[in-house]
Amino acid sequence: MKPKMLIPLVMVLTVGIIGACINLSDRAAYAQSREYAEEMKEIQAPTSEQEFPVPLRPLPKTITPCRACHGPEKDFPVNFKRREDILVHSNIRLNHGGIRLWCLDCHHPENRNYLLPLSDGKVIEFEQSYLLCGKCHGTIYRDWRDGIHGKRTGSWNGQKNYYLCITCHDPHNPRFKPMAPMPPPKKPWTPTEVRAKH
Amino acid sequence: MRKNQSSDTDSFAGDRPPADQAIASGDATRPDLPDRRTFLAGAASVLGMLAVSSCSWQEFVQNNFQRMSKEEIEQTVDRLRREYKEKYGKDFVVGTEGPIDATLFGYALDIQRCIGCRKCVYACVEENNQSRDPQIQYIRVLRFKDGDMDFEHATIYYDPEEVPEDGYYYMPVQCQHCANAPCTKVCPVRATWTEKDGIVVVDYNWCIGCRYCMAACPYMGRWFNFKEPVIPVETINTTTHYLGNRPRMKNVVEKCTFCIQRVRVGKYPACVEICPVGARKFGNLLDPDSEISKIIRNKRVFRLKSELNTQPKFYYFFAT
């Protein structure tokens, strides 16, 4: 009688232990997946302009009515042919990306008041030109978003003023311009005879 | 200095039997008055003390800032404001803001971006009321040849027409605000210490001017006022902090405080605000989302002379 009693007991116990194990591993897997999902959420966080307050740079009035010349009303055909000298925009000498770039790589050919669209088809406003810069300069854009590239002023624990790409880099000639340095420190005083020796 | 010396004079007086005691003992025929030599020596030492100290008695008996009570701090600030008003004719704010909770300040400098324009040097001088003559500048911008990291080959006196120059790179050096700061350990009177938020500060009124800290600092981050500092009144910064940029006196050591008067109220240091290339970064090391934490996590960083185990909170990094 005793062995017969033992067998079902052992069976129940083993089933219970296995069940517990499965349950535990399930839980671990669940926790892992949740962590993973959170991680992914962090990585794929939407990078909308609301995420960080960027002061929009007011554009000079002279360049905003692009549509006045480049528009359907004016019947000024879009010329996709690449050319160096553009008579009207003689003040712009493109020095960005060598021969790889020209006007219509950034400016919207159909709607000149905007820049080329992102992959979702939404056109970029001139004020948000940093989104367009990020299309090529992705690593720099990421650093800028984190505050590593570029300059921020204001408060280290609060409201910050962001400098946009175009605040420091002219988009047509982006290289940072050299500047005159401030005067060097005064040399420490040395006796004349010592100075003569050295 | 003030405290120690006053106790010294007490013991000096106690060595000799005072004259009135002799009179009181009844020996009236021959009062044991101090002889001429002793009297002159005593008078000279008292006069000399007064002349050397050249400070008010309130300043003379002032305590170490760390040991001051609230009232004492208020009195001291009032006195300082009065003195500065008298000296510079302007109303000063002498702040005593304490550290913000859960902050440990860190600094990062992108030596790839720095162009050596020295704008930070002069912004620092103006913000922190440094002496113009003799010249004190908390930031030294070193110029190295590309590929060379030997400090003996570097210069701070470069003066070209335009920067950056081809074939050189620049490395500004200032106080590194070490977590294991050798300068605070050697101070014989504990006039310099590390605040809770990681800023290494000096109590100028407690400093005795021995310059041990300057000898101990491997970064030359400290400066001594060998002469009475000269600050042009029209450009003097009247927003000050007791441990920071309040006008200093002769014979005390001073140093970069991460602009304590600015960062304790949430602003960036002056050198960060002025840098035209955005090479200077500042923030809270304890906040994982701060710029400085992201830099340390994601970029190649190094600390100057890390082999000395000073553990600076000033990081140099390469952004790309």
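**Close-up views of chains A and B**

**View 1. B:Arg211 lies in the loop between strand E6 (200-202) and helix H8 (212-216) of chain B.** The coordinates shown in this and the following views belong to a predicted model. The backbone of B:Arg211 has a positive phi, near 65 degrees, although the residue is not glycine. Most residues other than glycine have a negative phi, and most peptide bonds are trans. B:Arg211 counts as partly exposed because its relative accessibility is 35%.

**View 2. B:Phe258 is a further non-glycine residue with positive phi, here near 55 degrees.** The residue is placed in the loop between strand E9 (253-255) and helix H9 (260-263) of chain B. Whereas B:Arg211 is partly exposed, B:Phe258 has a relative accessibility of 1% and therefore counts as buried. The cut-off for buried is under 20% relative accessible area. B:Phe258 also belongs to the largest nonpolar core, which is the subject of the next view.

**View 3. The largest nonpolar core comprises 77 residues.** Within this core, B:Phe258, B:Phe282 and B:Tyr316 touch the most other members. Helix H5 (residues 70-88) of chain B makes the greatest contribution, giving five residues. Leaving aside residues up to four places away in sequence, the neighbours that B:Tyr316 touches include B:Leu109, B:Ile111, B:Met171, B:Pro172 and B:Val173. Also among them are B:Gln176, B:Arg300, B:Val301, B:Phe302 and B:Leu304. A second core, separate from this one, has 13 residues, including A:Leu115, A:Leu116, A:Tyr141 and A:Trp144. In soluble globular proteins, nonpolar side chains tend to be buried together.

**View 4. Helix H2 (residues 129-136) of chain A has buried residues.** These are A:Ser129, A:Tyr130, A:Leu131, A:Leu132 and A:Gly134. The buried residues of H2(A) pack against two elements of chain A, helix H3 (138-146) and helix H4 (165-168).

**View 5. Two cis peptide bonds precede proline residues of chain B, at B:Pro134 and at B:Pro164.** The bond that joins B:Asp133 to B:Pro134 has an omega of about 0 degrees. B:Pro134 sits in the loop between H6 and strand E3 (140-145) of chain B. For the bond between B:Val163 and B:Pro164, omega is about -5 degrees. The loop that holds B:Pro164 runs between E3 and strand E4 (168-173) of chain B.

**View 6. The interface brings 44 residues of chain B into contact with 27 residues of chain A.** About 3,000 Å² is buried between the two chains, and carbon and sulfur atoms give 58% of this area. B:Tyr122, B:Tyr157 and B:Tyr268 together supply 19% of what chain B buries against chain A, which is more than any other three residues.

**View 7. Polar and charged pairs cross the interface of chain B and chain A, with 17 residue pairs in polar contact.** Elements of chain B that give two or more residues to the side touching chain A are helix H6 (119-127), helix H10 (270-274), strand E10 (280-284) and helix H11 (291-298). On this side of chain B, 22 residues are nonpolar, eight are polar and 14 are charged. Three salt bridges are counted between the chains. In one salt bridge, the side chain of A:Arg152 meets that of B:Glu291 at 3.0 Å, N to O.

How values were computed:
Residues are numbered from 1 along each chain as its sequence is written. Chains are lettered from A and ligands numbered from 1 in the order in which they are written. This is a predicted model: local features need pLDDT of at least 70, side-chain atom pairs count only at pLDDT 80 or more; totals for chains, interfaces and linings use all residues. Side-chain values use heavy atoms; hydrogens and water are left out. Contact means heavy atoms within 4.5 Å. Buried area is the accessible area (1.4 Å probe) that two parts lose on being put together, summed over both. A salt bridge is a side-chain nitrogen of Lys or Arg within 4 Å of a carboxyl oxygen of Asp or Glu. A polar contact is a pair of N or O atoms within 3.5 Å; within protein, one must be able to donate a hydrogen and the other to accept it, and residues adjacent in sequence count only if both atoms are side-chain atoms. Helices (H or I, at least four residues) and strands (E, at least two) are DSSP runs, numbered from the N terminus. Ala, Val, Leu, Ile, Met, Phe, Trp, Tyr, Cys and Pro count as nonpolar, Asp, Glu, Lys and Arg as charged, and the others, Gly among them, as polar. A nonpolar core is a set of buried Ala, Val, Leu, Ile, Met, Phe, Trp, Tyr and Cys residues joined through side-chain atoms within 4.5 Å. Buried means under 20% relative accessible area, exposed over 50%, partly exposed in between (1.4 Å probe, protein chains only).
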